[in-house]
Amino acid sequence: MANEDATTPEDFAQLLARLKDEYSVKEIEIARRIGVSPATVNNWVHRKRGTGRGPNREKLKALHREFPKFSEDEIFAAAGRKTPGSLTPAVEERLLELFRGLTAEQQEIKELELRALNEHNRSTL
């Protein structure tokens, strides 16, 4: 069984089951703490997709914030997503300074590119 665990990555439903055990919480408590409906958490636990694509980045980050025994990396990996890079104030200022140096047309193009990358990241499972 240990070998099977090493080769099969944990999915989001399995992570939630561990989280519920580790923190002795029910789905309704998870939902309340990350700002979703209990039905949404239930859908995640039972691997029901519904109309959504699973938890979004903000909800995954909220899980880490509310249940810090689980790292962002393991939460995002279980959800089939890559962990977003951190944006320190220094990095944010450097990027903003670069953006300010672009023409209005270039800024528009970069914004479209960034939106496309973000959409790709949200839809990649």
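**Exercise 1. The lining of the largest pocket**

Task: Find which helix gives the most to the lining of the largest pocket in this predicted model, and then describe the rest of that lining.

Solution: Begin with the helix itself, which is α8, since α8 gives seven residues to the lining of the largest pocket. Next, take the pocket as a whole, whose volume comes to about 830 Å³. It is lined by 25 residues, and those closest to its centre are Arg 57, Pro 84, Leu 114, Asn 118 and Asn 121. Then ask where the lining comes from: two or more residues each are given by α5 (57–66), α6 (72–78), α7 (89–100) and α8 (104–123). Finally, sort the lining by class, which yields nine nonpolar, eight polar and eight charged residues. As general background to this kind of search, a probe the size of a water molecule, rolled over the atoms, shows where empty space is left.

**Exercise 2. Two residues of the pocket centre**

Task: Determine how far apart Asn 121 and Arg 57 are in sequence and in space, and decide whether Asn 121 is buried, partly exposed or exposed.

Solution: First place Asn 121, which belongs to helix α8. Counting along the sequence, Asn 121 and Arg 57 are 64 residues apart, while in space their C-alpha atoms are separated by 9.3 Å. For the second part, the relative accessibility of Asn 121 is 48%, and therefore this residue counts as partly exposed, the class that ends where exposed begins, over 50%.

**Exercise 3. The overall fold**

Task: State how many helices and strands the protein has, and what share of its residues is buried.

Solution: The count of secondary structure gives eight helices and zero strands, so that the pattern read along the sequence is α-α-α-α-α-α-α-α. Turning to burial, the protein has 125 residues, and buried residues make up 20% of them.

**Exercise 4. A nonpolar patch on the surface**

Task: Identify the residues that make the nonpolar surface patch of about 320 Å², and explain why Leu 95 can belong to a patch.

Solution: The patch is made by Leu 87, Leu 95 and Leu 98. Of these, Leu 95 is found in helix α7, one of the helices that also give two or more residues to the lining of the largest pocket. A residue of a patch must have over 30% relative accessible area; Leu 95 meets this condition because its relative accessible area is 49%, a value that makes it partly exposed.

**Exercise 5. Positive phi angles in loops**

Task: Locate Ser 24 and Arg 47, each of which has a positive phi although it is not a glycine, and say how accessible each one is.

Solution: Begin with the general expectation, which is that most residues other than glycine have a negative phi. Ser 24 has a phi of about 50° and sits in the loop between α2 (12–23) and α3 (27–34). Its relative accessibility is 66%, so Ser 24 counts as exposed. Arg 47, in turn, has a phi of about 55° and is placed in the loop between α4 (38–45) and α5. With a relative accessibility of 52%, Arg 47 also counts as exposed.

**Exercise 6. Salt bridges**

Task: Give the number of salt bridges found in the whole structure, and then work through the pairs of Arg 18, Arg 33 and Glu 113.

Solution: The search of the whole structure finds 14 salt bridges. In one of them, the side chains of Arg 18 and Glu 10 meet with a distance of 2.6 Å from N to O; Arg 18 is partly exposed at 37% relative accessibility, and Glu 10 is partly exposed at 25%.

Arg 33 is bridged to Glu 66, with the closest N and O atoms 3.1 Å apart. This pair links distant parts of the chain, as Arg 33 lies in helix α3 and Glu 66 in helix α5, 33 residues apart. Both count as partly exposed, Arg 33 at 25% relative accessibility and Glu 66 at 26%.

The last pair is Glu 113 and Lys 110, whose side chains meet at 2.6 Å, N to O. Both residues lie in helix α8, three residues apart, which is about one turn of the helix. Glu 113 is partly exposed, with a relative accessible area of 38%, and Lys 110 is likewise partly exposed at 37% relative accessibility. Elsewhere, salt bridges that share partners join Glu 29, Arg 32, Arg 33 and Glu 66 into one network.

Definitions and conventions:
Residues numbered from 1 in each chain as written. Predicted model: local features only at pLDDT ≥ 70, side-chain atom pairs only at ≥ 80, totals over all residues. Heavy atoms only, no water. 1 Å grid on protein atoms, 1.4 Å probe; cavity = no way out; pocket = protein on both sides within 12 Å on 5 of 7 lines; lining within 4 Å. Points joined across faces, edges and corners; volume = space filled by probe spheres on them. Helix = DSSP H or I, 4+ residues; strand = E, 2+ residues; numbered from the N terminus. Nonpolar A, V, L, I, M, F, W, Y, C, P; charged D, E, K, R; others polar. Patch = residues over 30% accessible without salt bridge, like charges linked within 9 Å, V, L, I, M, F, W, Y side chains within 5 Å. Areas by Shrake-Rupley, 256 points an atom, 1.4 Å probe, with all protein chains shown as cover. Salt bridge = Lys/Arg side-chain N within 4 Å of Asp/Glu carboxyl O. Buried < 20%, exposed > 50% of the residue type's maximum accessible area, 1.4 Å probe, protein only.
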